[in-house]
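Reader: I would like a close look at a single helix and at what surrounds it, with the cut-off behind each term stated as you go.

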Amino acid sequence: MKKKTLVIGASTNPGRYSNMAINRLVGYKQPTVAIGLREGEVAGVKIEKEMLPFEDIDTITMYINSKRQPEYYDYILSLNPERVIFNPGTENRELYDLLRKNNIEVEVGCTLVMLGSNQY
């Protein structure tokens, strides 16, 4: 099943997990869009610097730490995703509560593991 995914914290650095996630998402033929600190491209996916009003986002996968997340709260809610995945190092109880109040599923896990184990 196709689940359009927004990667927040995307990087062109191949050593970053966000980069690996984009490559893996594309490999699994999941529609993917990305936001990062710098523009660039990974596996044909353009990394945007601005919080664009992407449509039909099913999943947001987080690759920024909790201190940087508050500026994204309203943006995430505006996209009305089905779920947000908090990868290791991105855990944020405040955002969990906000998402749950808005009927958005919270998953604490690893996008790479979820894809590799067919749990995405």
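Author: The account below starts with the helix α3 and then moves outward to its surroundings.

This is a predicted model, in which local features need pLDDT of at least 70 and side-chain atom pairs count only at pLDDT 80 or more, while totals for chains, interfaces and linings use all residues. Residues are numbered from 1 along each chain as its sequence is written, and side-chain values use heavy atoms, with hydrogens and water left out.

Helices (H or I, at least four residues) and strands (E, at least two) are DSSP runs numbered from the N terminus, and α3 covers residues 93-101. Within α3, L95, Y96 and L99 are buried, where buried means under 20% relative accessible area, exposed over 50% and partly exposed in between, with a 1.4 Å probe and protein chains only. These three cover an arc of only 105 degrees around the axis, so they sit on the same side of α3; the arc is that of the directions from the helix axis to the C-beta atoms. On the other side of α3, R93, E94 and K101 are exposed. The cover over the buried residues of α3 includes β5 (59-62), α2 (73-79), β6 and β7 (105-108), contact being defined as heavy atoms within 4.5 Å.

At the N-terminal end of α3, N92 acts as a cap, with a side-chain oxygen 3.1 Å from the backbone nitrogen of E94. A polar contact is a pair of N or O atoms within 3.5 Å; within protein, one must be able to donate a hydrogen and the other to accept it, and residues adjacent in sequence count only if both atoms are side-chain atoms. After α3 comes N103, whose phi is positive, near 55 degrees.

Aromatic rings of Phe, Tyr and Trp (its six-membered ring) pair if their centres lie within 6.5 Å, and planes under 30 degrees apart count as stacked, over 60 as edge-to-face and the rest as tilted. By this rule there is one aromatic pair. The ring centres of F86 and Y96 are 4.8 Å apart and their planes stand at 75 degrees, so the pair is edge-to-face. Because F86 belongs to strand β6 (residues 83-86) and Y96 to α3, the pair ties together parts that are ten residues apart in sequence. F86 counts as buried at 0% relative accessibility, and Y96 counts as buried at 7%.

The loop between β6 and α3 holds N87, which is buried with a relative accessible area of 2%. A polar atom of the N87 side chain lies 2.9 Å from the backbone oxygen of M62, and the side chain of N87 also makes a polar contact with that of Y63 at 3.3 Å. Leaving aside neighbours within four places in sequence, N87 is in contact with T61, M62, Y63, G109, C110 and T111.

Finally, α3 takes part in a wider core. A nonpolar core is a set of buried Ala, Val, Leu, Ile, Met, Phe, Trp, Tyr and Cys residues joined through side-chain atoms within 4.5 Å. The largest has 21 residues, of which L6, I60, M62 and I76 touch the most other members. β1 (5-8), β2 (32-35), β5, α2, β6 and α3 each supply at least two residues of this core, and α2 gives the most, with four residues. A second, separate core of 15 residues includes A10, Y63, L112 and Y120.
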